[in-house]
Amino acid sequence: MYWLKSWTGALFLGVLLAGCGGAERESSALRRELLPYTEPPEAYRNVYGEYRSPLLFYNGDSVRTAADWTRRRTEIRSRWDSLLGAWPPLIADQHFEFIDTLPGADFDRYRVRFRWLPSDTTEGYLLVPHGRGRKAAVITLFYEPETAVGLGGKPYRDFALRLAERGFVALSLGTTQTTRTKTYSLYYPSIDSATLQPLSALACAAANAWEVLARHPEVDSTRIGVMGHSYGGKWAMFASCLWEKFACAVWGDPGVVFDETKGGYVNYWEPWYLGYCPPPWEHTWDDCGAAKARGIYPVLRREGYDLHELHALMAPRPFLVSGGYSDGPERWTALNHTVAVNRLLGYEGRVAMTNRPLHDPDSLSNALAYDFFELWLHPEVKK
């Protein structure tokens, strides 16, 4: 982990904080804490690897201005829609159906139902802190919604619960039914004839979740983030990159680029991610599955596409990679491309990464993720 580089830097920031008011002091303190994680290690500073630059149009022309980037961003999104499939229209004017309520001392927990694809409804948990006024919110994503609200028994994955304790509205979602059947994802319009790659269908479902959450009377629609770990991290990454209304995001060790050396951790070739084909499926959870992949995954690899192009769609919205086994410091060679896009647009410090040796989240990685949301979303902090 990287911390303040020098005693003099800490002294300067301390003097700066002493002159700030409450909300400004909190914001400055969070920026001080998170600043080191927006800086690559020296070995990866301004290193871009062999990834094709998002600042080049597909015809080779350079992106030189913000107006150029607007056109280039549209080009990237259009190309990836053609590869992954175009979304159906989002579901407008939808509201939660409240199934049951568990009042609490600091927040109330509701079980809610809504439609997240035209052909599919889901149930999740909505945690709403007490207090007046519109609040910042975070959607958490996993295999099922219970874990994130503290009912799954898995350590350091109770993201929605901990965010609610910090004053965020939290919506916990998961693919309960397909997890039970071991097909894991969402398939539109059906698993036998899907027109969307499953990760794009998941992103579309998250966009519909954003739409319904944004209509909740206690939610500030301009401050809704998204978060997930592992499977949920992939989901959160695709959701935030493909739905620009997410204000910021935390991606928990998803594998931010294609990397077959990571085996089952960065397994985008699976039919429930980017290797869709109609069932029955063979070679799933196979470390050598990339060589046997079907669907769009081998096309993406053969034609030189990688996920850094999707990351660039986040600019200038902030995101944090909570990296573990799948995403070590070397991933800065991909993330630096989004840093370059942000720099062109006049922004710094919008891409961050923390690192730990293991895939599983821990207390420190989670605390930094929550602080990231505090910095960019908290209603009491002025941006």
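**Cysteines and a helix crossing**

Modeller: In this predicted model, the sulfur of Cys-204 lies 15 Å from the closest cysteine sulfur, that of Cys-241, which is too far for a bond.

Biologist: How do you know that 15 Å is too far?

Modeller: A disulfide needs two cysteine sulfur atoms within 2.5 Å, so at 15 Å Cys-204 and Cys-241 are not bonded.

Biologist: And what about Cys-241, which cysteine sulfur is nearest to it?

Modeller: That of Cys-248, 13 Å away, and Cys-241 is in no disulfide.

Biologist: How many disulfides does the structure hold?

Modeller: Zero.

Biologist: Why is Cys-204 called buried?

Modeller: Buried means under 20% relative accessible area, and Cys-204 has 0%, so the word applies. Cys-241 has 1% relative accessibility, so Cys-241 counts as buried too.

Biologist: Let's turn to the helices. How do α6 and α7 meet?

Modeller: The axes of α6 (residues 198–214) and α7 (residues 231–242) come within 8 Å and cross at roughly 70°.

Biologist: What makes α6 roughly perpendicular to α7?

Modeller: Angles of 65 to 115 degrees count as roughly perpendicular. The crossing is at roughly 70°, so α6 is roughly perpendicular to α7. The crossing is also right-handed.

Biologist: Which residues make the contact?

Modeller: From α6 they are Leu-199, Ser-200, Leu-202, Ala-203 and Ala-206. On the α7 side, Tyr-231, Lys-234, Trp-235, Phe-238, Ala-239 and Leu-242 take part.

Biologist: What classes of residue are in that contact?

Modeller: Nine are nonpolar, one is polar and one is charged. Ser counts as polar and Lys as charged.

Methods
Residues numbered from 1 in each chain as written. Predicted model: local features only at pLDDT ≥ 70, side-chain atom pairs only at ≥ 80, totals over all residues. Heavy atoms only, no water. Axes fitted to C-alpha atoms, helices over the stretch in contact; angles between N-to-C directions. Helix = DSSP H or I, 4+ residues; strand = E, 2+ residues; numbered from the N terminus. Parallel < 35°, antiparallel > 145°, perpendicular 65-115°, else oblique. Left-handed = near helix turned anticlockwise from the far one by under 90°. Contact = heavy atoms within 4.5 Å. Buried < 20%, exposed > 50% of the residue type's maximum accessible area, 1.4 Å probe, protein only.
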